[in-house]
Amino acid sequence: MQCVLGVDGGNTKTIAIVAALDGTILGAGRGGCGDIYNGRASTNWEEAAAVAIANIEFAVKTALQAAQVEASDLITAVFNMAGADWPEDFAFIQAVMEQRGFGRTIFVQNDAMGVLHAGSSDDTGVSVVCGTGAATGARAPDGRT
C-alpha cells in the first residue's frame, strides 16, 4: 500500500501521521521533543540531537504500526521541524530519516514553513507558530523564503 507521512516535530512533542494517497488517516504516533537542539537540556549538541531523533523515530514507528504498514510503503514524507533552521540542520535530519527509510522522497523544513502549505492555496504568505517556542516563516510568490 502506498502512503505518505507527515511529521510535526516541536519542543514539547512530535506528532506523526500516516495517510493513504486520498488523505485518509491510517495511523498516528506521538513522541517527545523533536527539536535537534533541545532534545535534552544539554550543551552537547550530539546528545540533544540523538534524543530528538529517537523521539521522532518513536512517533513515526508508532504511526506506522497503527496504520499497519511498513516504512517501505512511504512514498513521500514531510518533516516540519522546530530547530530546522539552517541548511546543515535540513541535511542532518534528511540523512537520518533516509537512513531509517522513512520515505522514498523526504522533505525537511522548519515548522513555521509547514503552516503555509495548509493555510495558503499557493504556499505563500507569512506564518507565526506559537508553541513551546515561537517561529516565523514567510514565502514569496517567487519561492524565496
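This passage describes a strand pairing, the cysteines and one helix residue in a predicted model.

Strands β2 and β3, which span residues 14-20 and residues 25-31 respectively, run antiparallel to each other and are joined over 6 bridges. Within this pairing, Ile-17 has Ala-28 of β3 as its bridge partner. The two strands form a hairpin, with 4 residues lying between them. The turn of this hairpin contains Gly-23, for which the phi angle is positive, at about 95°. In a regular strand, side chains point alternately to one face of the sheet and to the other.

Attention then turned to the cysteines. Cys-3 has a relative accessible area of 0% and is therefore classed as buried, the limit being under 20%. Cys-33, with a relative accessible area of 8%, is likewise buried because this value falls under the same limit of 20%. The number of disulfides in the model is 0, on the criterion that the sulfur atoms of a cysteine pair lie within 2.5 Å.

Helix α1 comprises residues 45-67 and includes Thr-62. The relative accessibility of Thr-62 is 25%; this residue therefore counts as partly exposed, a class that lies between the 20% limit for buried and the 50% limit for exposed residues. Thr-62 and Gly-27 are 35 residues apart along the chain, and their C-alpha atoms are separated by 8.0 Å. When neighbours within four places in sequence are left aside, Thr-62 is in contact with Ala-28 and Gly-29. Ala-28 is also the residue of β3 that serves as the bridge partner of Ile-17.

Notes
Residues are numbered from 1 along each chain as its sequence is written. This is a predicted model: local features need pLDDT of at least 70, side-chain atom pairs count only at pLDDT 80 or more; totals for chains, interfaces and linings use all residues. Side-chain values use heavy atoms; hydrogens and water are left out. Two strands pair if DSSP finds at least two bridges between them. Buried means under 20% relative accessible area, exposed over 50%, partly exposed in between (1.4 Å probe, protein chains only). Contact means heavy atoms within 4.5 Å.
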